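Please open the model in your viewer and keep the selection panel at hand; the tour begins at the interface and ends at a hairpin.

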Amino acid sequence: MAGEKILLGCGTTKIWILLLGLRIFAFMATLAAAIVMALNKETKTLVVATIGTTPIKASLTAKFQDTPAFVFFVIANVMVSFHNLLMIALQIFSRKLESKGLHLLSVAILDMLNATLVSAAANGAVFMAELGKNGNKHAKWNKVCDRFSIYCDHGRGALIAAFAGVILMILISAVSISRILTNSNKFSTAAASSP
Amino acid sequence: MVKLTKRIGGFVLRLAAFAAALAALIVMVTSRERASFFAVSLEAKYTDMAAFKYFVIANAVVSVYSFLVLFLPHESLLWKFVVVLDLVMTMLLTSSLSAALAVAQVGKKGNANAGWLPICGQVPKFCDQITGALIAGFIALVLYVFLLLYSLHSVVDPFLLQKS
């Protein structure tokens, strides 16, 4: 029974399925956040002046590239979703090799670093969105959301997906670290029991 | 001997991270400038922006946490908890730095499409102090990433060195 568990890799099958499910959700959440923010664009044409009977129109566009925080948001979410995709592939295809070498350690470290990356991206974007929604009286920056409401709605959806990704990445890091712990415990008890 | 140098290294790293977070906190809190502009005087302080307030709070939490962990004895079982809390503190640091940097960038360059004018031309000393605080915050972040790896290494034994 113990030999069978070691053959299957580290930890039990339940933790393996839990980790796979969490990674799939995190992949979908961060990919959705990146796509929704990348396609975020709204154009409004306003009549600026009227000469005779022909109105002169000026068009204003709100797009995500105007704000560097949103550009970082898109790039970071693409990177984290790619990381999750890679880890899903690694988890499915190298089940037997997990207890060898630095496999579990590098997965745990990468998970933690990507968790911090996605939290930075989501937080930077949310503060810029708050600035766009409420403006700032002290710096005399007027709000943007009352004129570009679709732009703000899409941004809000992308931010919610990114924060769901943040929570999922924290859970994934916790599960990855606990897998290292069970692995090291198993090896020390196995070595201790065989004199 | 090796264990002792590792412990001293971890202690020094945490002390440096505590100092950097405290420096970022203090520099941002003391940044304040009054500028008069056509008989209208405006005062720029860090509480004007929500992102700077979050930066101050996050760095305060990180400094207090680092200070408390400096005194944790090496044999206590709480070191497993320190790994988790180190990850949480790193995420706090990255998110606060990212938010403050995003807002400060708009303050320096403005946003032409939204009609937001840069404010750094009117309050240059304030802008310089904010930049200094952000640099200190970045140093604290880098040190905390190393601390995270160090705590993971010292608690989890990931290289499976214990053959006995």
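Select the interface of chain B and chain A, across which the rule finds zero salt bridges (a side-chain nitrogen of Lys or Arg within 4 Å of a carboxyl oxygen of Asp or Glu). This is a predicted model, in which local features need pLDDT of at least 70 and side-chain atom pairs count only at pLDDT 80 or more, while totals for chains, interfaces and linings use all residues. Residues are numbered from 1 along each chain as its sequence is written, chains are lettered from A in the order in which they are written, and side-chain values use heavy atoms, with hydrogens and water left out.

Next, display the touching residues: 36 of chain B are in contact (heavy atoms within 4.5 Å) with 39 of chain A. Between them the two chains bury about 3200 Å², 75% of it on carbon and sulfur atoms, where buried area is the accessible area (1.4 Å probe) lost on putting the two parts together, summed over both.

Now colour the side of chain B that touches chain A by residue class, which gives 23 nonpolar residues (Ala, Val, Leu, Ile, Met, Phe, Trp, Tyr, Cys and Pro), four charged (Asp, Glu, Lys and Arg) and nine polar (the others, Gly among them).

Finally, move to chain A and select strand S1 (residues 41-51) and strand S2 (residues 54-63), DSSP E runs of at least two residues, numbered from the N terminus. The strands run antiparallel and are joined by 10 bridges, pairing being assigned if DSSP finds at least two. Thr43(A) stands opposite Thr61(A) in S2(A), and in the hairpin, which has two residues between the strands, Gly52(A) takes a positive phi near 65 degrees.

How values were computed:
Helices (H or I, at least four residues) and strands (E, at least two) are DSSP runs, numbered from the N terminus.
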